[in-house]
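This report walks through one sheet with the helices that cross it, and then turns to a pocket. Please keep the sequence and the structure in view while reading.

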Amino acid sequence: MIFSLEVRRARKGDCLLLHYGNKDDPGLFVIDGGPKNVFEPHLRPRLVRLAGKRGQPLTIDIMMVSHVDDDHIQGLLELAAHDVKADGSKRLVRVTSLWYNSIENVVEDSVQHPLAVFSQFGGASAGSGDQLSDEQIGEIEDHIDENDEDRMENLHSGLRILASIAQGDRLRSDANKLEWPLNAEFEGALICASETSEPIPLLRGLTLTVVGPQKPEIDALRRKHHDWLEEKAKKNKSGAAELAAYVDPSVTNLSSIVVLVQAKKKRMLLTGDARGDKILKGLKDVGLLGKKPLHVDVLKVPHHGSANNMEKGFFEQVTADHYVFSGDGEHGNPERETIEMLLQARGSDVGTIYLTYPIDHIDKERENDWNKERAKEVSRRKKKGKGSVRDPWSFDKNSLSALFATHGISPGKGLVIVSEDGDTIIDLMDPLEA
């Protein structure tokens, strides 16, 4: 039996292919497609090779969008757009089930869709694009104190969220055209976990348990969204002021799908961008985590190795033989602090760490991000006369290179760098014939 996780380069995002079944009856589960400039160089050629010379589209049993952030959905959006334009056998794939929590399912009311706010800006509407023009952004910024850098940053974060939601809408529209069933195993409903969640038997000996998002969290999010809408109505806000107010990232973050996939006694935990504490709670709620740590063969480390909402305790309660960190250093990910947590929790028994880009490449991008954020902190300190400023970048204190060297970790010695031209595959059973 085959049970293998293939890790593709995906810049700052995720792109994973889960292979299972056997060579005569293979199954394929695609998880996320990365941001722009991932589909053409990294994902599409692999799908073509997997399809071989059969002259038919490649069957994907499940295509899962963990959540609608650009660095997870864009590559799959480009795949769907390609196949919408193609005919019959010229299509790349045939998708049996698309797993995706649309924003309508999350907030349960399409009339209250956050993208309705876009319609207040003329051409930038939910149906005509997924971003605002510079002029429209400028109009929104006029409603914010130019010295309020925190709120200005929140605003741009909110705009990115709204753009991601628009991309999700386009994916669902293209999926309908291609007749990709939405959440087929869940009868089209929202994919979420509850205390009564049971493993779902899939084809070819695979079972899957949904760990997140959790139903109580979604219910709380719906109440929060409803309260926000009521508050908006009371204040009768509209236009730029209203969009400036809508900067809550919880709609996308809390809808991130987390699954534990199992074949016989081998297990993989695929976490998307979910928070570490939410993953632990989800594992406990479905009975996978008790007094003893949960051991899995493969852990896709949450949120590209970001240290936000992660702690050493997570790596003590969830252990693995293989740890996958996706990210090219943009936004500082994977962060050194997270890898330090892992090494502190596991010591010499850390297993194998996978990085999707070379260490030097990641460190260069991380240093760029560090210096950019430090410049913001210096500027804020000058304007407000308060606020902390991080120290200048230090190779010894901040780089992954120095950390790995201290622990004797290097390519071939506890570290694997995902191949740019080849295939990086973690085989848990019979080897996959790439």
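## A parallel pair and its connecting helix

In this predicted model, strands β11 and β12 pair in the parallel sense, and three bridges hold the pairing. Within that pairing, Leu269 has Leu299 of β12 as its bridge partner. Together with α9, these strands make up a β-α-β unit, β11, α9 and β12, that is right-handed.

Helix α9 covers residues 276–285 and lies across five strands, namely β9 (206–212), β10 (258–263), β11 (266–270), β12 (294–300) and β13 (318–325), with a direction at about 125° to β9.

## The hairpin beside it

How do β10 and β11 pair, and over how many bridges? The two strands are antiparallel, with five bridges between them, and in this pairing Ala263 stands opposite Lys266 in β11. The strands β10 and β11 form a hairpin in which two residues lie between them, and Lys264, which is in the turn, has a positive phi of about 55°.

## The whole sheet

These strands belong to an open sheet of nine strands with mixed pairing, whose order is β8-β9-β10-β11-β12-β13-β14-β16-β15. Its edge strands are β8 (200–201) and β15 (410–411), each of which pairs on one side only.

Towards the β15 end of that order, β14 is followed by β16, and the two strands, residues 352–355 and residues 414–417 respectively, run parallel and are joined by three bridges. Here Ile353 is the residue that stands opposite Leu415 in β16. Another helix, α11 (residues 336–346), lies across β13 and β14, and its direction is at about 150° to β13.

## The second largest pocket

Apart from the sheet, the model can be described by its open spaces. The second largest pocket has a volume of about 480 Å³. Of the 23 residues that line this pocket, Lys23, Pro26, Gly27, Leu50 and Leu432 are the closest to its centre. The elements that each give two or more residues to the lining are β2 (16–22), β3 (25–31), α1 (39–51) and β4 (58–60).

Which element gives the most to this lining? The answer is β2, which gives four residues. Sorted by class, the lining of the second largest pocket consists of ten nonpolar, five polar and eight charged residues.

Conventions. Residues are numbered from 1 along each chain as its sequence is written. This is a predicted model: local features need pLDDT of at least 70, side-chain atom pairs count only at pLDDT 80 or more; totals for chains, interfaces and linings use all residues. Side-chain values use heavy atoms; hydrogens and water are left out. On a 1 Å grid over the protein atoms alone, a cavity is a set of points where a 1.4 Å probe fits but cannot get out, and a pocket is an open set with protein on both sides within 12 Å along at least five of seven lines; lining residues have an atom within 4 Å of a point. Grid points are joined across faces, edges and corners, and a volume is the space filled by probe spheres set on the points. Ala, Val, Leu, Ile, Met, Phe, Trp, Tyr, Cys and Pro count as nonpolar, Asp, Glu, Lys and Arg as charged, and the others, Gly among them, as polar. Two strands pair if DSSP finds at least two bridges between them. Contact means heavy atoms within 4.5 Å. Axes are lines fitted to C-alpha atoms, for helices over the stretch in contact, and angles run from 0 to 180 degrees between N-to-C directions. A crossover is right-handed if, with the strands pointing away from the viewer, the path from the first strand over the helix to the second runs clockwise.
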